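Visitor: I am new to this structure and would like a close look at a single part of it. Could you pick one strand, start there, and then walk me through its surroundings?

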Amino acid sequence: MLILLSLQGAYSSALAEENNNSATNNKTPPEGMRWIPAGSFIMGSKHEVMRDARPAHRVTLHGFFIDQTEVSNAEFSRFVEATGYVTLAERPLNAADFPALPPEALKPGSLVFSSPKHPLPLNQAQRWWRFQLGANWRHPEGPNSDISDRMDHPVVHIAWQDAAAYAAWAGKRLPTEAEWEYAARGGLDGKDYIWGDDFKPEDHFMANTFQGHFPSNNTGADGYIATSPIKSYPANGYGLYDMAGNVWEWTADWYDANAYKKRTANGGEIINPVSKTAFDPSEPNLDKRVQKGGSFLCTDQYCSRYMPGSRGRGDPNTSSNHVGFRLAKDAD
């Protein structure tokens, strides 16, 4: 685990303590959660390249609780042991739904990042992802891998409905996109990153991201090639870990590339927004859910979406080895 002793880390810890112990924010968090006080912030991105996150706009939220960390393999194991739940990646496809597929293609599996041996054009993502039979949360890279030494890593290969099932069992819910971003910013409104405007302050890596030449050469300069243990990097101003990088996180919202434009079209105050319509112009016939935070595969060469104002999206019925989740809970 990386040990990052910096002024930024000290500042984050102090601010987190202040936010959670303040007399005006005296909600007692359930175990493993943090209280996020009601307030307003600028949601979205000022960067032109992130067109689906524009225009940046002011949003007001009620207070809520949110998990301090991503749900870990250990926590998900307890859920499965208690309920017998089987994730989508562990279930075979229904032959009636996919009549054109041969029987071997109906076997359980999930998407796994496969680093190519040579540089590739960055518009050919299908060449660095493969559908791996036998890949699931227990076997992140396929049947020959396991999580015995990764129980403190975030659980992956989680489809949206898997996360929703865990939430129902835990008595929580998925955070809205707005709640997730507000919590991720940790009180630093309008900054590029959850820790400020400098990607690598005092020459410290602040999140688990991709270094090297994407997608063919990950140098692992930050100490990790894939997922990292939770709490490997400093917490943000609200005491939350891994709100940038490590794994993408599901939210409650449907993904609409035009959501922010629609939301701001008529002016007026925006309170507790939730996107309930789905539209991805790149795949208009496939409804997707919003993902936030980026992952260990994000890099400014290809995907800078470890920025809190950026947006990701995914088919709620698919999973991969860089997508997980954390949960939220209402005050009452």
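Guide: Strand β5 and strand β6 (residues 129-133) run antiparallel, joined by 5 bridges. One place to find the pairing by eye is glycine 109, which stands opposite leucine 133 in β6. Strand β5 covers residues 109-113, and 4 of its 5 residues are buried, so the rest of the structure largely encloses this strand.

Before going further, please keep in mind that this is a predicted model. The average pLDDT for the protein is 89, and 88% of the residues score at least 70. Residues 1-24 are another matter, since their pLDDT stays under 50. Where pLDDT is low, the predicted coordinates should not be read in detail.

From the strand, let us move on to the aromatic side chains. The structure holds 18 aromatic pairs. One of them joins phenylalanine 76 and tyrosine 166, whose rings are stacked, with 5.8 Å from centre to centre and 10 degrees between the planes. Phenylalanine 76 belongs to helix α2 (residues 73-83) and tyrosine 166 to helix α3 (residues 160-170), so this pair ties together parts that lie 90 residues apart in sequence. Tyrosine 166 also forms an edge-to-face pair with phenylalanine 325, at 5.4 Å between centres and 75 degrees between planes. Here the link spans 159 residues, because phenylalanine 325 sits in the loop between β12 (323-324) and β13 (328-330), while tyrosine 166 is in helix α3. Tyrosine 166 is buried, with a relative accessible area of 7%, and phenylalanine 325 is buried at 0%. These rings are part of one aromatic cluster made up of Phe76, Phe79, Tyr85, Trp137, Tyr166, Trp169 and Phe325.

Another covered element is helix α4 (residues 177-185), where 9 of the 9 residues are buried. Among them are Trp180, Tyr182 and Arg185. After α4 comes glycine 186, which has a positive phi, near 60 degrees.

Between α3 and α4 there is a loop that holds lysine 172, the partner of aspartate 67 in strand β4, 105 residues away in sequence. The two form a salt bridge in which the closest N and O atoms are 2.8 Å apart. Aspartate 67 counts as buried at 6% relative accessibility, whereas lysine 172 counts as partly exposed at 24%. Glutamine 68 lies in the loop between β4 (64-67) and α2, and it is buried as well, with a relative accessible area of 13%. Beyond its neighbours within four places in sequence, glutamine 68 is in contact with several residues, including Met33, Lys231, Tyr241 and Arg326.

Salt bridges turn up elsewhere too, and the count comes to 18. Arginine 150 and glutamate 141 meet at 2.8 Å, N to O; arginine 150 is buried at 17% relative accessibility, and glutamate 141 is partly exposed at 32%. Lysine 191 and aspartate 197 form another, at 3.5 Å, with lysine 191 partly exposed at 33% and aspartate 197 partly exposed at 44%. Asp280, Glu283, Lys288 and Arg313 are linked in a network of salt bridges.

To finish, here is a place where a charged residue meets a ring: arginine 289 lies over the face of tryptophan 254, at 3.7 Å from the ring centre.

Technical notes. Residues are numbered from 1 along each chain as its sequence is written. This is a predicted model: local features need pLDDT of at least 70, side-chain atom pairs count only at pLDDT 80 or more; totals for chains, interfaces and linings use all residues. Side-chain values use heavy atoms; hydrogens and water are left out. pLDDT is the predictor's confidence in each residue, from 0 to 100. Contact means heavy atoms within 4.5 Å. Rings of Phe, Tyr and Trp (its six-membered ring) pair if their centres lie within 6.5 Å; planes under 30 degrees apart count as stacked, over 60 as edge-to-face and the rest as tilted. Helices (H or I, at least four residues) and strands (E, at least two) are DSSP runs, numbered from the N terminus. Buried means under 20% relative accessible area, exposed over 50%, partly exposed in between (1.4 Å probe, protein chains only). A charge sits over a ring if NZ of Lys or CZ of Arg is within 6 Å of the ring centre and within 35 degrees of the ring normal. Two strands pair if DSSP finds at least two bridges between them. A salt bridge is a side-chain nitrogen of Lys or Arg within 4 Å of a carboxyl oxygen of Asp or Glu.
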